[in-house]
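Please examine the sequence and the three-dimensional structure shown below. The paragraphs that follow lead through the fold, its cross-links and a few selected residues.

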Amino acid sequence: EVQLQASGGGLVQAGGSLRLSCTASGLIFSDYVIGWFRQAPGKEREGVLCIRTRDGSTYTTDSVKGRFTISSDNAQKTVYLQMNNQQPEDTATYYCAADYGRVERLCASSNAMDYWGQGTQVTVSS
């Protein structure tokens, strides 16, 4: 069974940083796209950053370019989302997800991924 465990959320002031971790089990990690999605209250879920672990190709939404980065530790089956210079609009529940396929297709859609972890809350105060 594929399981994804997300952690690292919390409260941070604007301009601060957080690092989220997503650890996967029950899958061949290098075959998957792993992504981070977020959903703020009253808004639709959106893809933030996703990575194809085999070759490192990524998809990044424009709103976080230059501030957020994604990386993978294939040996540990963990994907990290480093969030720098956080802003109040980054406040949301962040989810990690996984599936086979092309990173662009999976990450640009809010619900294309087959496997989802529990969300971790990120709150950015002004």
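In which element is the place of Val103? In this predicted model, Val103 belongs to helix 1. Its relative accessibility is 2%, so Val103 counts as buried. Apart from residues up to four places away in sequence, Val103 touches Val33, Cys50, Ile51, Arg52, Ser57, Thr58 and Tyr59. One of these partners, Cys50, is 53 residues away in sequence, yet the C-alpha atoms of Val103 and Cys50 lie 6.5 Å apart in space.

The setting of this helix is best seen from the overall architecture. The secondary structure of the protein consists of 1 helix and 11 strands. Read from the N terminus, the elements follow the order β-β-β-β-β-β-β-β-β-α-β-β. The radius of gyration is 13 Å, close to the 14 Å that the globule rule gives for 126 residues, so the protein is as compact as a globular protein of that length. The C-alpha trace spans about 40 × 25 × 25 Å along its principal axes. Of the 126 residues, 41% count as buried. Among contacts between residues at least 6 apart in sequence, 60% join residues at least 24 apart.

Part of the strand content can be followed in one sheet. Strands of a sheet pair through backbone hydrogen bonds, either parallel or antiparallel. Here, 4 strands form an open sheet in the order 1-3-8-7, with antiparallel pairing. Its edges are strand 1 (3-7) and strand 7 (68-73), each of which pairs on one side only. From one strand to the next, the twist averages 15°. Strand 1 and strand 3 are paired in the antiparallel sense over 5 bridges, and Gln5 stands opposite Thr23 in strand 3.

The covalent cross-links come next. A disulfide is a covalent bond between the sulfur atoms of two cysteines. A search of the whole structure yields 2 disulfides. With bonded cysteines counted along the chain, their pattern is 1-3, 2-4.

One disulfide joins Cys22 to Cys96, with an S to S distance of 2.5 Å. Cys22 lies in strand 3 (residues 18-25) and Cys96 in strand 9 (residues 92-99), so this pair ties together parts that are 74 residues apart in sequence. The torsion about the S-S bond of Cys22 and Cys96 is about 70°, so the disulfide is right-handed. Both Cys22 and Cys96 are buried.

The other disulfide is formed by Cys50 and Cys107, whose sulfur atoms are 2.1 Å apart. Because Cys50 lies in strand 5 (residues 46-52) and Cys107 in helix 1 (residues 103-108), the pair ties together parts that are 57 residues apart in sequence. For Cys50 and Cys107 the torsion about the S-S bond is about 80°, so this disulfide is right-handed. Cys50 and Cys107 are both buried. Helix 1 is thus the element that holds both Cys107 and Val103, and Val103 itself touches Cys50.

A last residue leads to the C-terminal strand. Thr120 lies in strand 11 (residues 120-125). Its relative accessible area is 10%, so Thr120 is buried. A polar atom of the Thr120 side chain lies 3.1 Å from the backbone nitrogen of Gly9. Leaving aside neighbours within four places in sequence, the contacts of Thr120 include Ala6, Ser7, Gly8 and Gly9, as well as Leu20, Ala92, Thr93 and Tyr94.

Key: Residues are numbered from 1 along each chain as its sequence is written. Side-chain values use heavy atoms; hydrogens and water are left out. A disulfide is a pair of cysteine sulfur atoms within 2.5 Å. Helices (H or I, at least four residues) and strands (E, at least two) are DSSP runs, numbered from the N terminus. Buried means under 20% relative accessible area, exposed over 50%, partly exposed in between (1.4 Å probe, protein chains only). A polar contact is a pair of N or O atoms within 3.5 Å; within protein, one must be able to donate a hydrogen and the other to accept it, and residues adjacent in sequence count only if both atoms are side-chain atoms. Contact means heavy atoms within 4.5 Å. Two strands pair if DSSP finds at least two bridges between them. Axes are lines fitted to C-alpha atoms, for helices over the stretch in contact, and angles run from 0 to 180 degrees between N-to-C directions. The radius of gyration is taken over C-alpha atoms; the globule rule is 2.2 Å times the number of residues to the power 0.38.
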